[in-house]
Amino acid sequence: MAKTTKTAPLNKKNDTKSVDKTPLQLTKQHKIVFGSLLVLFSVALLFAFVSFFIYGQQDQSAVQELTNRSETVQNWLGKFGAFLADLLVYKGFGIAAFIFVRLFFLSGIYLVLGIPARKLKNIWFWDLFVIIILSVLFGFFATSAPELGGTIGYELNLFLQDYIGKPGTLLILLFGLIIYVIFKIKLSPESIQSFFDTTKKEIKAVSITNPLNNGKNGYNLEEFAVVEEEIDDIHLKTNGSQFEINKEALKPTISNSSDINRDPIAKPLAMEVTPIATPAIIANADESFVIETAPEEDIIEENLASRLVADFGLFDPTLDLSNYKFPTIDLLKEYSTGGITINQEELEENKNRIVDTLRNYKIEIAQIKATVGPSVTLYEIVPEAGIRISKIKSLEDDIALSLSALGIRIIAPIPGKGTIGIEVPNKNPTMVSMKSVIGSAKFQEAEMELPIALGKTISNETFVVDLAKMPHLLMAGATGQGKSVGLNAVLTSLLYKKHPAEVKFVLVDPKKVELTLFNKIERHYLAKLPDMDDAIITDNAKVVNTLNSLCVEMDNRYSLLKDAMVRNIKEYNDKFKARKLNPENGHRFLPYIVLVVDEFADLIMTAGKEVEIPIARLAQLARAIGIHLIIATQRPSVNVITGLIKANFPARIAFRVTSKIDSRTILDTQGADQLIGRGDMLYTNGNDVVRVQCAFIDTPEVEKITDFIGSQKAYATAYLLPEFVGEESGINLDMDISDRDTLFREAAEIIVNAQQGSASLLQRKLKLGYNRAGRLIDQLEAAGIVGPFEGSKARSVNILDMSSLDQFFNNEQNK
């Protein structure tokens, strides 16, 4: 049973109590056991029903005396089987009761295999529907054999005949069968016609030249027949029309195998023909115009992270919060109305306008294909031979004028394809909900360190990227175009996949209103300086100390990696979890740290170089030790994002901007000025540019997630970052010997022996926290044992050996 652990307030000394807030959830083991029981019960039911039709009359009297052990029955399942058969067959639905065997068997299989229950609901509905129809139907025709229709079927038949007569009853039964055939079997006049119409098979002749005869003799492979397999559970919604689509790949086959066997060249070629996976194709009268759309992805009802907790070997970093429950997917709202709505008239109209516009400029099109996405449709065109690509690209404004669109984007050519792409906004865009991308199998089964579900592409596929491989992300766009929603989507993705022990957030919010909801998960996921009251930084003056503190954390982590002889945080944590690193030497499990900065331009205006220098250091060096940056700004101009910083942000997201110059500033290419807003964005990681409709998550959804997490047991405090010790730290220090730390002399001996003055050295040798080690360094500097702070370099040591150190302490005692 899943329980939500609620922590009592800190100002009360009451014990924490577990409070059930979530409904009963079956574990995988429970599902296997219960599913196996249903499968075995279906087999037993089958034995009982079959034996009823053989020995039913002999067992009729014994059914009434079930408590009498001396009574014998012939049913293969004994008295219990005789009772079940009498109840469900004779007193129930007659021969239609055999469908219950199928229902229980499928229910068990679905539970064992973990198939979503929503698919089983459809089967139960239609099977129960046909059970009633068949029971009444047998009761109508087989009045002399009551066991065929059962008591229920016979009585319902008589009831209907009393009110509407035999003809009316027969019409009602016929109408029920029509409903089942249309909605379940999906039989239509078009499908019947296509079954008999053999002319729809596309025949293509392939000619092969014999290289031995220098092209003089030609070998003809027989026609390839394109086989279309109909899928009964997929339909597309249109404005008044319904189009069946082909989901499976088009499978090329050889129609005449005898020619291949006797042809030495055609045979090996035919053996290489393999099925090619293609998206769903919509039937269309114009053979040169192909409309395709990707099928909707299955939504996984359960958050897999809640049950697929990683096996950390001998050491489990999640042990402190071992009862932590991941957010459930039902906390998110489903905004979409059941998939992409396709308006075929709009597609045909846009296709004709594109073709006519290009034809006006003497550009002929060999083929055009439309791929429908949530907010944009991609028209891929194949121009006739001899047409220059640059000529088509220059007609962007003319095509936009003919389509009356907000703005189109031409991709010439599409990378990896021999086509030219024209992206046209849909008149009625479909909203992409955060629930649809979080619940997708692509996100739930993603094997990434820091997976982020950004939204859906033009082909309606969930777009998932790994923040750990970016390694930093730059988000930009005009005000109100979706940056804040994009940040919430990033944070929500990580909350659904990573345990509080695995990732920490440093949130900087100068606007003070965008990220405040995440205060509720401070002691679960947030990191802060020890002297800060709020984990979310809204004061620009405190940002400088936080950034410098992250630089100190970065240096400390690199020291740990050096001692562990590993190259990155993943190798280090794997080694630590395998208990190959000693915590007594300062080693610890290192969570990922994600720094999120909203409105970075405001920080630069107020802090300038004080912010730029630590950001540049983190951008260049922090990726190997698990510190990743996400910076959002309206326009990353040179005075906001310098070339040094920008070079370390290959991953960039551009929402809609107002000019081509702004687009080039963000992406180094144009295109962001042609976006339609409301979450429409372009993503690049240094290679291709991908158009994505960002997933929408509203404030109430974020609030539900943070409330769910915040109500559970948490750590004592937020993750504490090391204190930052500035250059002036050694000035005006207290020189009173009595105020020195009790470990002062031992620390001085360690520093003199190592001839290296650093707080991290004292941490490892004396097993101290960074704060106490920093104070010892301050006291050693005040005493003159170590030199002043020199940035990233270790402090100089002014005493060369132990004898000189003993003399130093003797002189202090004689004063």
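Visitor: In which loop does P471 lie?
Guide: This is a predicted model, and the peptide bond from M470 to P471 is cis in it, with omega near 0°. Most peptide bonds are trans. P471 lies in the loop between strand 15 (462–466) and strand 16 (473–476).

Visitor: Which residues does H628 touch, not counting residues up to four places away in sequence?
Guide: The place of H628 is in strand 20 (residues 627–633). H628 is buried, because its relative accessible area is 1% and the cut-off for buried is under 20%. Not counting residues up to four places away in sequence, H628 touches L450, L467, A468, P471, H472, Y592, I593, V594, L595 and R623.

Visitor: How many helices and strands does the secondary structure of the protein chain come to?
Guide: Of the 815 residues of the protein chain, 48% count as buried. Among contacts between residues at least 6 apart in sequence, 67% join residues at least 24 apart. The secondary structure of the chain comes to 27 helices and 24 strands.

Visitor: Is helix 19 parallel or oblique to helix 20?
Guide: The axes of helix 19 (residues 600–607) and helix 20 (residues 609–621) come within 7 Å and cross at roughly 125°. Angles of 65 to 115 degrees count as roughly perpendicular and those over 145 as roughly antiparallel. The crossing angle therefore makes helix 19, relative to helix 20, oblique.

Visitor: How do the residues of the contact of helix 19 with helix 20 divide into nonpolar, polar and charged?
Guide: Helix 19 makes the contact through F600, L603, I604 and A607. From helix 20 come K609, E610, V611 and I615. These residues divide into six nonpolar, no polar and two charged.

Visitor: How many residues apart in sequence are the parts that R691 and E423 tie together?
Guide: The side chains of R691 and E423 meet in a salt bridge, 2.6 Å from N to O. R691 lies in strand 23 (residues 689–694) and E423 in strand 13 (residues 420–425), so the parts that the pair ties together are apart in sequence by 268 residues.

Visitor: Are R691 and E423 buried or exposed?
Guide: The cut-off for buried is under 20% relative accessible area. R691 has 5%, and E423 has 3%. Both therefore count as buried.

Visitor: Which residues are linked with R691 and E423 in a network of salt bridges?
Guide: A search of the whole structure finds 30 salt bridges, including the pair of R691 and E423. The network that holds these two residues also links R409 and D680.

Visitor: Which residue of the salt bridge between K91 and D86 is buried?
Guide: The side chains of K91 and D86 meet at 3.5 Å, N to O. K91 has a relative accessible area of 43%, so K91 counts as partly exposed. With a relative accessible area of 3%, the buried residue is D86.

Visitor: How many residues apart are E584 and K767?
Guide: Their side chains meet in a salt bridge of 3.8 Å, N to O. E584 is partly exposed at 46% relative accessible area, whereas K767 counts as exposed at 55%. E584 is in the loop between helix 18 (569–577) and strand 19 (592–597), and K767 is in the loop between helix 25 (759–766) and helix 26 (770–783). The pair links distant parts of the chain, and the separation is 183 residues.

Visitor: What is the phi of D668?
Guide: D668 is found in the loop between helix 22 (660–667) and strand 22 (680–685). D668 is exposed, with a relative accessible area of 52%. Most residues other than glycine have a negative phi. For D668 the value is positive, near 65°.

Visitor: What is the phi of Q755?
Guide: Q755 is found in the loop between helix 24 (744–754) and helix 25. At 36% relative accessibility, Q755 counts as partly exposed. Its phi is also a positive value in a residue other than glycine, near 50°.

Visitor: Over which residues does pLDDT stay under 50, with 114 contacts beyond four places in sequence?
Guide: The protein chain averages a pLDDT of 78, and 78% of the residues score at least 70. Where pLDDT is low, the predicted coordinates should not be read in detail. The stretch with 114 such contacts and pLDDT under 50 is residues 198–278.

Note on methods
Residues are numbered from 1 along each chain as its sequence is written. This is a predicted model: local features need pLDDT of at least 70, side-chain atom pairs count only at pLDDT 80 or more; totals for chains, interfaces and linings use all residues. Side-chain values use heavy atoms; hydrogens and water are left out. Axes are lines fitted to C-alpha atoms, for helices over the stretch in contact, and angles run from 0 to 180 degrees between N-to-C directions. Helices (H or I, at least four residues) and strands (E, at least two) are DSSP runs, numbered from the N terminus. Angles under 35 degrees count as roughly parallel, over 145 as roughly antiparallel, 65 to 115 as roughly perpendicular and the rest as oblique. Contact means heavy atoms within 4.5 Å. Ala, Val, Leu, Ile, Met, Phe, Trp, Tyr, Cys and Pro count as nonpolar, Asp, Glu, Lys and Arg as charged, and the others, Gly among them, as polar. A salt bridge is a side-chain nitrogen of Lys or Arg within 4 Å of a carboxyl oxygen of Asp or Glu. Buried means under 20% relative accessible area, exposed over 50%, partly exposed in between (1.4 Å probe, protein chains only). pLDDT is the predictor's confidence in each residue, from 0 to 100.
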